[in-house]
Structure formats: structure tokens, C-alpha cells
Amino acid sequence: MGKTVAFHLQKGGVGKTTISGALACESAHQGFSTLLIDVDPQGNASSWFLKNTPEFELSDVIQGKCFPSDAIVSIPSVKNLYILPTFGIGGTLKNYSETKLAEEPYVLQDLVKEISKDFKHIIMDLSPGLGRLERSALIACDEVVTPMTPEVFSLDGLEIFIDELAKIKKNLRSSVEHSCVVINSYDERIKQHREIFSAADNGNFKVFRIPVDPVFRKSQEAGRAPQDYKDRGRGLKEKTIVALKELDAVIWR
Ligand SMILES: Nc1ncnc2c1ncn2[C@@H]1O[C@H](COP(=O)(O)OP(=O)(O)OP(=O)(O)O)[C@@H](O)[C@H]1O
Ligand SMILES: [Mg+2]
């Protein structure tokens, strides 16, 4: 049985897709059969890794229109990496989550149970917010890791998330673990960033720091793994590589 990890904070633009995609690539590079499930109606993870739109998407699977194996596709540029995609344009995941998901809150949990024998590591990229879709994804996971940006509103967001997650775990009988926080786009030269790190690093969480690194955005534009992308011979910063490896080692421990 593989392990399933989600990256989530209800706040938008904190690096959920960037970190989940980079960690999926890290796991695949290490030889583990890895599945990235795009649970975001925006479909950002899918447009990052897929040039062409496949025949089926996640919402087809959860509505019983096809089997998981019909919708899961391999990512051509990254060996060992597979994706269960969501189409950002014309996709039906948003519509499904607004109309039918209320009656089937365990649909993603059931899906993960069905496919977890086929993958060593499963990573979910979630949409911002804490609505039905995000709640049903969170209870399908063994662990959730919270990415945040080094700003005070993200710190507030973390407090809100901790509170909401406790309610979700109680109401939906989930034992999802939450022990890691990632401060993304961190610059140690900035005093405010160091202060946010100190506030988050209060003994309740393992706190990781991922630097500002332009290679993330460039690799997303190029449809590549950040670890493989080179811009005029220059790839990810050494600090970024180390941070991703540290995070990888902890989440799959
Ligand atoms: N460490 C980083 N250094 C530089 N740019 C980054 C870093 N992390 C993320 N970005 C960039 O910030 C933007 C937002 O990141 P991303 O899309 O991963 O956030 P998100 O939390 O998934 O957003 P949403 O809430 O919309 O799903 C992207 O353009 C991404 O390339
Ligand atoms: Mg995203």
C-alpha cells in the first residue's frame, strides 16, 4: 500500500502546485512509482506536465464514467511519474464538487484505496479553499503538508487551517497527520521572513524552507521537472535541491 500526501493551505498562491509537482518529480527521480492527482479544478498541475489533453480526467473517474487506469497517464518527460489529470478549461470537477460531492464525501478516499496498491507514493495537489472538494481530498490522505509564504497572512492562514482540520478530522472520522509546514519563497536575508520562520517553528511542526527560485516558474512554462530544467546551464539553486530532498525524506519516512 502506497502512502498518500496532500499539500494544502486554503490560501491561494502559496506554492501548493509548485511543491507538490516538485516533490512528485523528486520521488519519481528516486525510482519510486509516483502518482500526482490533480484535485484542483484550475488544472495547473496537469497543464504543467501534459502538453496534450488526455481523453479522461479525475472527475470522469469519480463519476464512474471510466476506470482509474483509463484516466491515469504517464508523464512523458519524467520517468516513473504518472498523473490523474484535471482539465482547467471545460473541466467538470468544479461542477461535480458543487452538485454531487455533498452526497459522496468519501469518493476520493475510495479512489485512493482502489489505486494505492499500484503506486508507492501518491501526491495530491489541491485547490485553494476549504470547501467540500478540499475536505474530501484531505480525508483521503495519510498526511497533509502545509505550504505557506513568509508573510503574516499566511501565518494566520496556518492557524485557521489547524482549526478547520481538527473539525474535518472529527466530523469525517479521519486520522490524517499534519506535522510539516513548508515556508515557500523564503529569503533568509529578509528580516520578516526570519520572523515568520521563528513564529512557525514553535515546536508543533517540522518547518522546512524553500528558497525563492526562478527555475520553478520556468520549468512550469517548459513543462519539465524543476530538477531537470536548465536555463543557460543553470538549474535549481543548491539550497532548493537540498530543501526538496529533506522534505522528500521526511514525508515518505
Ligand atoms: N519557491 C518559489 N520561488 C519562485 N517562484 C515560486 C516559488 N514557488 C512558487 N512560485 C511561483 O509562484 C506562483 C504560485 O505558485 P503555485 O501555483 O504553486 O501556488 P498555488 O498555491 O498552487 O496556487 P493556487 O492557490 O492558485 O492553487 C507560480 O507562478 C510559481 O511558479
Ligand atoms: Mg495550485
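Gly31, just after helix H1, adopts a positive phi of about 95°, in what is a predicted model. Helix H1 itself, residues 16-29, is one of the elements that give two or more residues to the shell around ligand 1, and 13 of its 14 residues are buried. The points below take up this helix, the ligand, helix H8 and a loop threonine in turn.

**Helix H1**
- With 14 residues at 1.5 Å a residue, H1 should span 20 Å, and because its end C-alpha atoms are 20 Å apart, the model agrees with that expectation.
- H1 is mostly covered, with 13 of its 14 residues counted as buried, and the positive phi of Gly31 comes just after the helix.

**Surroundings of ligand 1**
- Ligand 1 is surrounded by 18 residues, the closest of which are Lys16, Thr17, Thr18, Asp213 and Gln220.
- Sorted by class, the shell around ligand 1 comprises five nonpolar, nine polar and four charged residues.
- Oxygen atoms of the ligand meet the backbone at two residues: a polar backbone atom of Val14 is 3.0 Å from an oxygen atom of ligand 1, and a backbone N or O atom of Gly15 also lies 3.0 Å from an oxygen atom of ligand 1.
- At Pro211, a backbone N or O atom lies 2.9 Å from a nitrogen atom of ligand 1.
- Ligand 1 taken alone exposes 630 Å², of which the protein buries 78%.
- Two or more residues of the shell come from each of helix H1 (16-29), strand S7 (177-186) and helix H10 (214-222).

**Helix H8**
- Helix H8, residues 152-171, has 20 residues that at 1.5 Å a residue should span 28 Å, and the 29 Å between its end C-alpha atoms agrees with this.
- Its buried residues are Ser154, Leu155, Gly157, Leu158, Phe161, Leu165 and Ile168.
- Viewed down the axis of H8, these buried residues fall within an arc of 145°, and therefore they line one face of the helix.
- Exposed residues on the other side of H8 are Phe153, Glu159, Lys170 and Asn171.

**Thr86 in its loop**
- Thr86 belongs to the loop that runs between strand S4 (81-84) and helix H5 (93-99).
- Thr86 has a relative accessibility of 1%, and because buried means under 20%, this residue counts as buried.
- From this loop position, the side chain of Thr86 reaches the backbone oxygen of Asp38 at 2.6 Å.

Terms used
Residues numbered from 1 in each chain as written. Chains lettered and ligands numbered in written order. Predicted model: local features only at pLDDT ≥ 70, side-chain atom pairs only at ≥ 80, totals over all residues. Heavy atoms only, no water. Near = heavy atom within 4 Å. Polar contact = N/O pair within 3.5 Å; in protein donor to acceptor, adjacent residues only side chain to side chain. Areas by Shrake-Rupley, 256 points an atom, 1.4 Å probe, with all protein chains shown as cover. Helix = DSSP H or I, 4+ residues; strand = E, 2+ residues; numbered from the N terminus. Nonpolar A, V, L, I, M, F, W, Y, C, P; charged D, E, K, R; others polar. Expected span 1.5 Å × (residues − 1). Buried < 20%, exposed > 50% of the residue type's maximum accessible area, 1.4 Å probe, protein only. Arc of directions from axis to C-beta.
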